[in-house]
Amino acid sequence: MSNEMNREDLIKVILMGLENAGKTTIVDVLTDKIRFNQLTPPDMSPTKNIERSVISERNLVVWDFGGQEVYRNEYLADPETYLRSISFAFYVIDVQDYYRLFNSIMYFMTVLPIIVRNSPDAEINILFNKTDPNFDPTKKNLKQMFLDKVESFIQGHKKSIKIFDTSIFNLNSIKSAFNHVK
Ligand SMILES: Nc1nc2c(ncn2[C@@H]2O[C@H](COP(=O)(O)OP(=O)(O)O)[C@@H](O)[C@H]2O)c(=O)[nH]1
Ligand SMILES: [Mg+2]
């Protein structure tokens, strides 16, 4: 890890969620590696472990937590290394992935208390990602299903949570979700 990444004045932002939710693509938007609305989604390989990106102009360091199960277990087993001093946590859900919705709910309910315990001041955000302009959510509304399942759980944690619909096909939707991060 370079010295820049260790700078203590940087605001720590984390992205968590299952693999394939679109976390790394979001980092690429925030770091201006993707500058135009995509006509087809970029082809990406799964993130190994954690990748950190510094956005110097905004004083941010973004931790992209690879979502594969082996890595997920590693973070949860050692939260003091990974989940401390977080200012903003973004939990990313693929609203088009019906078959893994339940898995994503379970992971959210597992990580939220650990984040809150290790970073009590962290602001929690949920991104309903892949809400593409041409995607019709009325058939299976995964966003509503997710919220229904976690509602009372969130209330139990007395945290107010910000919610955003995002898509790589609308870069502004992603940038706006991070506007309040400073
Ligand atoms: N349809 C659609 N696909 C997306 C979107 N964002 C990312 N993807 C695709 O989803 C796949 C996984 O993205 P990636 O960023 O690697 O997910 P990660 O595993 O959470 O880091 C890639 O093929 C991306 O191109 C989106 O908003 N809509
Ligand atoms: Mg990734």
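**Exercise 1. Which polar backbone atom lies 2.9 Å from an oxygen atom of ligand 1, and which side chains make further polar contacts with ligand 1?**

Solution. The model is a predicted one, and the steps below read its atoms as they are placed.

Step 1. Begin with the backbone: the polar atom in question belongs to G22, at 2.9 Å from an oxygen atom of ligand 1.

Step 2. Turn next to the side chains, where an N or O atom of T24 is found 2.8 Å from an oxygen atom of ligand 1, and where a polar atom of K130 lies 3.0 Å from an oxygen atom of ligand 1.

Step 3. Consider how far the protein covers the ligand: ligand 1 exposes 580 Å² when taken alone, and the protein buries 89% of that area.

**Exercise 2. Describe the shell of residues around ligand 1, naming the residues that come nearest and the helix that gives the largest share.**

Solution.

Step 1. The shell holds 18 residues, and those that come nearest to ligand 1 are N20, K23, T25, P42 and D132.

Step 2. Sorted by class, the shell is made up of seven nonpolar, seven polar and four charged residues.

Step 3. Looking at the elements, one finds that helix α2, which covers residues 23–30, provides the largest share of the shell with three residues.

**Exercise 3. Find where ligand 1 sits, and characterise that site by its volume and its lining.**

Solution.

Step 1. Ligand 1 sits in the largest pocket, and the volume of this pocket is about 510 Å³.

Step 2. The lining of the largest pocket counts 24 residues, and N20, G22, T25, M44 and K130 are the ones that lie nearest its centre.

Step 3. By class, that lining contains nine nonpolar, ten polar and five charged residues, while the largest share of it, four residues, comes from α2.

Step 4. Putting the exercises together, G22 and K130, which are among the residues nearest the centre of the largest pocket, also supply a backbone atom 2.9 Å from an oxygen atom of ligand 1 in the case of G22 and a side-chain atom 3.0 Å from an oxygen atom of ligand 1 in the case of K130.

**Exercise 4. How many cavities of 30 Å³ or more does a search of the whole structure find, and which residues line the largest cavity?**

Solution.

Step 1. The search finds two such cavities, and the largest cavity has a volume of about 70 Å³.

Step 2. The residues that line the largest cavity are L18, E19, A21, V92, I93, D94, D97, R100, L101 and S104, and the elements giving two or more residues to this lining are β4 (88–94) and α5 (101–118).

Step 3. Of these elements, β4 gives the largest share, three residues, and by class the lining has five nonpolar, one polar and four charged residues.

**Exercise 5. Work out the lining of the second largest cavity, including its classes and the element that gives the most.**

Solution.

Step 1. The second largest cavity holds about 50 Å³ of space, and its lining consists of I14, M16, A89, F90, Y91, F108, V111, L112, I115 and I124.

Step 2. Two or more residues of this lining come from each of β1 (11–16), β4 and α5, with α5 giving the most, four residues.

Step 3. The classes of this lining are ten nonpolar, no polar and no charged residues.

Technical notes. Residues numbered from 1 in each chain as written. Chains lettered and ligands numbered in written order. Predicted model: local features only at pLDDT ≥ 70, side-chain atom pairs only at ≥ 80, totals over all residues. Heavy atoms only, no water. Near = heavy atom within 4 Å. Polar contact = N/O pair within 3.5 Å; in protein donor to acceptor, adjacent residues only side chain to side chain. Areas by Shrake-Rupley, 256 points an atom, 1.4 Å probe, with all protein chains shown as cover. 1 Å grid on protein atoms, 1.4 Å probe; cavity = no way out; pocket = protein on both sides within 12 Å on 5 of 7 lines; lining within 4 Å. Sits in = over half its atoms within 2 Å of the grid points. Nonpolar A, V, L, I, M, F, W, Y, C, P; charged D, E, K, R; others polar. Points joined across faces, edges and corners; volume = space filled by probe spheres on them.
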